[in-house]
Amino acid sequence: MTGSWGPRITWAAVAVAGAWSIGDALDGRSAALRTTVAIGAWLLWGIGVVALVVPSTLGLTVLRMLSALTCGIAGVSWIGGASPTSGAIFLACSVLSALLIGGADFGQRCAQASAYGDEHRFMLRPPAAFIPPVALVGLVWIAVVLAAPLLLASGRWALGSIAAVAAALLTWLLVPRFNALSGRWLVFVPAGLVLHDLVVLGETLMIPQADIEAIELALASTEAADLTGPASGHAVEIGMRSMVTALLAPTKAAPRGTALHVRSFIIAPTRPGLVLRAARRA
């Protein structure tokens, strides 16, 4: 259930439960509001279906944003008049769908679906410092996306227009930024390995196969360079036979990035066991 079919089944359940709960909440409301909500809800669900049928890195980003938005819709519909039963079922389906879509297994499948040829991509966990701001700005995005159509359909044009502009602007700004987190991978290729992480690194780090000495689970006492972000959880240490240069992403203090000369470094894959098994096969 945690691969591709789990998210697909729960996304279908979201449609059924959502139609029931939203229908309850809109009972007795104006025709304009019912039409607006119905069109918006089915449009969002349809975009999710496309992303599930054709998995990709961008599709993963879109799905994770939509699944979070669906949880917000479920909460609003329950508060807005859905019955306790329909509201609870819709919220439960939405949360379960969001958990599966946000899980490491589904993310790994989407990353690999975007791979070229003999590439084997392994997603990396997000830096811990990114999680609170991502959650906060995500809540703001959900709020304005939900508020805009409801306000406009209710005839509150001024507030609705402000919310619509804010929703469009935030969507335009957030999708590429969230997608950068989805596009962080360790990639095994026939010639060696590639660390593609333009959140932590200023440029992609490529290591020829002949220079790789060891790939193993990192010890807590390791002195290897930390290229995880830092991120929590188990890390994988990659050791080389010679020094390599890793360029860290630009910061205000170092606008051109910081060059590190390292003999070993650690990364934080979402599925470290898969990385270690792939390393043994390489």
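**Exercise 1. Place Trp42 and Trp45 in helix 2, then classify their ring pair.**

Step 1. Locate the residues. Both Trp42 and Trp45 lie in helix 2 (residues 31-53), three residues apart, about one turn of the helix. Helices (H or I, at least four residues) and strands (E, at least two) are DSSP runs, numbered from the N terminus.

Step 2. Note the ground rules. This is a predicted model, where local features need pLDDT of at least 70, side-chain atom pairs count only at pLDDT 80 or more, and totals for chains, interfaces and linings use all residues. Residues are numbered from 1 along each chain as its sequence is written, and side-chain values use heavy atoms, with hydrogens and water left out.

Step 3. Apply the ring criterion. Rings of Phe, Tyr and Trp (its six-membered ring) pair if their centres lie within 6.5 Å; planes under 30 degrees apart are stacked, over 60 edge-to-face, the rest tilted. Trp42 and Trp45 are 5.7 Å apart centre to centre, with 90 degrees between the planes: edge-to-face.

Step 4. Check exposure. Buried means under 20% relative accessible area, exposed over 50%, partly exposed in between (1.4 Å probe, protein chains only). Trp42, at 49%, is partly exposed. Trp45, at 25%, is partly exposed.

**Exercise 2. Characterise the aromatic pair of Phe122 and Phe188.**

Step 1. Geometry: 5.7 Å centre to centre and 90 degrees between the planes, so Phe122 and Phe188 are edge-to-face.

Step 2. Location: Phe122 lies in strand 1 and Phe188 in strand 2, so the pair ties together parts that are 66 residues apart in sequence.

Step 3. Exposure: Phe122 and Phe188 are both buried.

**Exercise 3. Work out the sheet order and its edges.**

Step 1. Four strands form an open, antiparallel sheet in the order 1-2-3-4. Two strands pair if DSSP finds at least two bridges between them.

Step 2. Strand 1 (120-123) and strand 4 (205-208) are the edges, each pairing on one side only.

Step 3. Strand 3 (residues 192-196) joins strand 4 over four bridges in the antiparallel sense. Val194 stands opposite Met206 in strand 4.

**Exercise 4. Find the charged ends that sit over Trp5 and Trp185.**

Step 1. The test: NZ of Lys or CZ of Arg is within 6 Å of the ring centre and within 35 degrees of the ring normal.

Step 2. The charged end of Arg8 sits over the Trp5 ring, 5.0 Å from its centre. Arg121 does so over Trp185, at 3.9 Å.

**Exercise 5. Locate the cis peptide bond at Pro230.**

Step 1. The bond from Gly229 to Pro230 is cis, with omega near 0 degrees.

Step 2. Pro230 is in the loop between strand 6 (225-226) and strand 7 (236-247).
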